[in-house]
Amino acid sequence: MSDLFATVRNHVLDALRAVVPDLPDEILARVEVTPPRDPAHGDMATNAALVAAKPAKMAPPKLAEALVNALRQVPLLAEVASAGPGFINLRLQQSALQALLPEILHAGIHYGDSQTGAGRRVNLEYVSANPTGPMHIGHCRGAVVGDALANLMQKAGFDVTREYYINDAGNQVQALAWAAYWRYLQAIGISISEEDFAAQAPGGLQYRGDYLVPVGEKLAAAYGDRLAPGGVVADPAGWLDLVRDFTIEAMMSEIREDLAGLGVRQEVFVSERKMLESGAVDRAIDILTAKGLIYQGILEPPKGKLPDDWEAREQTLFRSTNFGDDVDRPLRKSDGTNTYFANDIGYHADKLARGADILIDVWGADHGGYVSRMQSAVKALAGDSNVTLDVLLCQIVHVMREGVPVRMSKRAGTYVTLRDLIDWVGRDAVRFTMLMRKPDAQMEFDLDAVVAQTRENPVFYVQYAHARCRSVLRGAAQSLGADRVSDHALASADTSLLQSAPELDVMRRLMAWPRLVEGAALAREPHRIAFFLYELAGDFHMLWNRGKDDAALRFLQPEDTKGTLARLALVACVAGAIRSGLAVLGVEPVEEMR
RNA sequence: GCACCCGUAGCUCAAUUGGAUAGAGCACCAGACUACGAAUCUGGGGGCUAGGGGUUCGAGUCCCUUCGGGUGCGCCA
């Protein structure tokens, strides 16, 4: 399938090589063929003369003129002109645009697929919420961004593994086990006040939410009172591991359900505990030790206000400063167990060992301070293999309801779970809205705007455009017969009949889709897909209304079957492109609005 | 105090990764239904891209700096 931008870019490169032989590759790589900012400039523009002027030792306008003369020989191009400081504006033959439609119809949902990432394996880790409670709205953004990015990169040809890291080792899950045990005691009729129990549990009672009540009941059903003989808090040695594993399993099952409700699917779940037990962490640290990157040392105290209990202490450190980090980072806690970072090194080493060319982690913004040390570790482990770690930080989501912020507080009981959110606005609205923002910008999520059925609500606006397309095609199927308006049949329509400005504008938008997919995938920016769909929907709604002003522009022309079929081909292309984009976002296209 | 992210129309956000005169929606004003779905569309006003300096053919984008918001800062994950 052809990307017209890529095709034209090749023509530009040919012309450039002809005019200026022996240009270095890095100059050629900077040559772009892009949609023009102002449609009056044509269908495409290239910066070729600007980037090549210096190495060619020519003034940009002069080089542009030479390129214009060469490009005028290309049959695909109807107009070629230099402009401004040395841009070259290009206008395609109408036939080139019209020829796009059968291709789109044949490609169907695969329109925009590319081979940009072919042969490159991506390990994409996202969500990785701690199994200590239900998912809330804070986890949601990362889940949606990660999932859409996985779809996007697959569409661009990458071989993507979707992964979830279960933080089931360490103090947090011990505390979870104690909290579940408290609920278990209640379930078997032993009532201990929060305060009394908190005094007995190491670290106190950290998880007081009632989501653990069913877990306690299940424990009671499975074990009776055997975990608390004599009706008292038993020695944890006899129950802690069991209760912990049981509870983690229960929480993960809830999380998987929540993810399924959001339409997020991951095929690999890695347990931190199992990874640790397998020796993967030790092996990774051995590798770093062999490279001389591990040492015993004393860190400088942090600047500014010191933690109360700070004292100078020698510890095991990773030399992350060799790879751009600010300070070296500790691998062992004072009790001898691993820091989270040490285990994460093991985990990333494991990802590398399983075979990946690109690692991507999607994290919450509160982990921003952690990025450079993890990238340092991956650089150290990857050595010459050039595997990189990209980290996407998802910023805070402020939830608004009726114009006022919804505070995220467990204590105040205004804790918005992912399930609440989906129940309130629906899966598609959650996903689309989250994807209308760059991940690294804070966003406001207005619960009322997201369910509004107006242009203000992009998910509605795009769905409506698709529904309108389908509505026309349904109507045409009635009058012309379904077999004549299938995508396959419409692919042989005479699209040269489509010559009006708004029709050609839609084709230009459709033409940009493959290039947009590639760019978004390379930049790891799924939100561009959402914006493209919003703009395509706008083009289509405008075209539709042109038909209201001028009956000659309506899709269905009873006296002109050939013209009708040509227009239906365009409509079917719009619907197909919308489906193709919504598939990336993980949003369902709808046949009609209800 | 230090590091990272961010700052664009009154509001919510884009800007093809350094490209031409910074664009959409909401809100405001004025219009289009005898109609393939008006839940839509057309037109209008609205900007020193937080401030200042630098890099070059060219900066919202890169560098320095000031201000403002967010996040984090050895034994939480």
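**Reading contacts, helices and a sheet**

Student: Leaving aside its neighbours within four places in sequence, which residues is Thr339 in contact with?

Tutor: Pro330, Leu331, Arg332 and Lys333, once neighbours within four places in sequence are set aside. Keep in mind that this is a predicted model.

Student: Where does Thr339 lie?

Tutor: In the loop between strand 10 (329-330) and helix 14 (340-354). The side chain of Thr339 also reaches back to the backbone oxygen of Pro330, at 3.1 Å.

Student: Why does Thr339 count as buried?

Tutor: Compare its relative accessibility with the cut-off. Buried means under 20%. Thr339 has 14%, so it counts as buried.

Student: Next, strand 10 and its sheet. How do strands pair in general?

Tutor: Strands of a sheet pair through backbone hydrogen bonds, either parallel or antiparallel. Here, three strands make an open sheet in the order 8-9-10, with antiparallel pairing. Strand 8 (294-298) and strand 10 are at the edges with a single partner strand each, so one side of each has no neighbour in the sheet.

Student: How many bridges join strand 8 to strand 9?

Tutor: Five, and the two strands run antiparallel. For a register point, take Gly297: it stands opposite Gln315 in strand 9.

Student: Now the helices. What span should helix 8 have?

Tutor: Use the expected rise of 1.5 Å a residue. Helix 8 has 17 residues (171-187), so it should span 24 Å; its end C-alpha atoms are 24 Å apart, which agrees. Run that check on helix 19 as well. Its 23 residues (458-480) should span 33 Å, and the end C-alpha atoms are 33 Å apart, which agrees.

Student: What comes just after helix 8?

Tutor: Look at the backbone phi. Gly189 takes a positive phi of about 90 degrees just after helix 8. Helix 19 is followed by Gly481, whose phi is positive, near 100 degrees.

Student: How many residues of helix 8 are buried?

Tutor: 12 of 17, so it is mostly covered. Among the buried ones are Trp178, Tyr181, Trp182, Arg183 and Tyr184.

Student: What do the buried residues of helix 8 pack against?

Tutor: Four helices: helix 9 (194-200), helix 10 (213-223), helix 11 (240-262) and helix 12 (272-277).

Student: Last, the domains. How is chain A divided?

Tutor: Read the segments. Domain 1 is 4-92 and domain 4 is 171-260. Domain 2 is written as 100-114 + 455-585, and domain 3 as 124-166 + 266-394.

Student: What separates the centres of domain 2 and domain 4?

Tutor: 55 Å, with the centres taken over C-alpha atoms.

Key. Residues numbered from 1 in each chain as written. Chains lettered and ligands numbered in written order. Predicted model: local features only at pLDDT ≥ 70, side-chain atom pairs only at ≥ 80, totals over all residues. Heavy atoms only, no water. Expected span 1.5 Å × (residues − 1). Buried < 20%, exposed > 50% of the residue type's maximum accessible area, 1.4 Å probe, protein only. Contact = heavy atoms within 4.5 Å. Polar contact = N/O pair within 3.5 Å; in protein donor to acceptor, adjacent residues only side chain to side chain. Pairing = 2+ DSSP bridges. Domains from an automatic or database assignment.
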